[in-house]
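Okay, everyone, thanks for coming. Let's look at the structure together and talk about what holds its parts to one another.

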Amino acid sequence: MSTLTTRCPACQRLNRIPDSRIEDNPHCGQCQALLLDAAPIEGTSDNLSALLTSSRPVVIDFWAPWCNPCVGFAPIFSDVASERQGQIHCVKVDTEAQQALASQYRIRSIPTIMVFKNGQCVDMINGALPKGQFDQWLNAALEK
């Protein structure tokens, strides 16, 4: 049985979740916070493929800590993750820490936001957007 390892958005503890339980709204073993819906999930090479097999759409923000537009977009992405809790999985991939993923998904500029449904990329956009425009783009991407 394969597992997904993710960091709790509340207490930062690492938690392992069996792939078969991703859709069960898992909670942190220490603080009981929701692991996959309350805030963006930290995407790594260890957990991204398991997340992409989810029945929910997955929205990935490829970013870097030194990128000012990425840092400015982070609160918007967090708001969307909170507002769409239970509808989509929001994932943040630090391209500095996860260079293999950045290469695998051919990230050439950041921030790059990709939307996946059933493991397939259905839309992608480069650059940070204001919240209203991001919501409009995301709604259109999710309809594809």
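Let's start with Asp 61, which counts as buried at 0% relative accessibility. One thing to keep in mind as we go: this is a predicted model.

So what does Asp 61 meet in a salt bridge? Its partner is Lys 92, and the two side chains come to 2.7 Å, N to O. Have a look at where they sit: Lys 92 belongs to strand S5, residues 89-94, while Asp 61 belongs to strand S4, residues 58-63, and the two are 31 residues apart. Lys 92 is buried as well, because its relative accessible area is 14% and the cut-off for buried is under 20%.

How many salt bridges are there in the structure? Five. I'll go through a couple of others.

Next up is Glu 83 with Lys 131, where the closest N and O atoms are 2.8 Å apart. Glu 83 is in helix H2, residues 68-83, and Lys 131 is in helix H4, residues 131-142, so this bridge ties together parts that lie 48 residues apart in sequence. Are these two buried or exposed? Neither, really: Glu 83 is partly exposed, at 47% relative accessible area, and Lys 131 is partly exposed too, at 23%. This pair also isn't on its own, as Glu 83, Arg 84, Lys 131 and Asp 135 are linked in a network of salt bridges.

Then there's Lys 144 with Asp 123, with 2.9 Å between the closest N and O atoms. Lys 144 is in the segment after H4, Asp 123 is in strand S7, residues 120-126, and the distance along the chain is 21 residues. Here we get a mix: Lys 144 counts as exposed at 53% relative accessibility, whereas Asp 123 counts as buried at 16%.

Now, H4 keeps coming up, so let's zoom in on that helix. H4 has twelve residues and reaches 16 Å from its first C-alpha to its last, close to the 16 Å expected at 1.5 Å a residue. Which residues of H4 are buried? Those are Phe 134, Asp 135, Trp 137, Leu 138, Ala 141 and Leu 142. They cover an arc of only 165° around the axis, which puts them on the same side of H4. And what covers them? The cover includes S4, H2, strand S6 (112-117) and S7.

Let's stay with H2 and H4 and turn to the rings. To describe a pair of aromatic rings, you give the distance of the centres and the angle of the planes. A search of the whole structure finds six aromatic pairs. In one of them, Phe 73 and Phe 134 have ring centres 5.0 Å apart and planes at 85°, so that pair is edge-to-face. Phe 73 is in helix H2 and Phe 134 in helix H4, 61 residues apart. Phe 73 is buried, at a relative accessible area of 1%, and Phe 134 is buried, also with 1%.

Phe 134 has another ring partner, Phe 77: this pair is tilted, at 6.4 Å centre to centre and 55° between the planes. Phe 77 lies in helix H2 and Phe 134 in helix H4, so the pair ties together parts 57 residues apart in sequence. Phe 77 is buried too, at 0% relative accessibility.

Finally, put the rings together: ring pairs link Phe 73, Phe 77, Phe 134 and Trp 137 into a cluster. That's all from me, thanks!

Definitions and conventions:
Residues numbered from 1 in each chain as written. Predicted model: local features only at pLDDT ≥ 70, side-chain atom pairs only at ≥ 80, totals over all residues. Heavy atoms only, no water. Salt bridge = Lys/Arg side-chain N within 4 Å of Asp/Glu carboxyl O. Helix = DSSP H or I, 4+ residues; strand = E, 2+ residues; numbered from the N terminus. Buried < 20%, exposed > 50% of the residue type's maximum accessible area, 1.4 Å probe, protein only. Expected span 1.5 Å × (residues − 1). Arc of directions from axis to C-beta. Contact = heavy atoms within 4.5 Å. Phe/Tyr/Trp six-rings, centres within 6.5 Å; stacked < 30°, edge-to-face > 60°.
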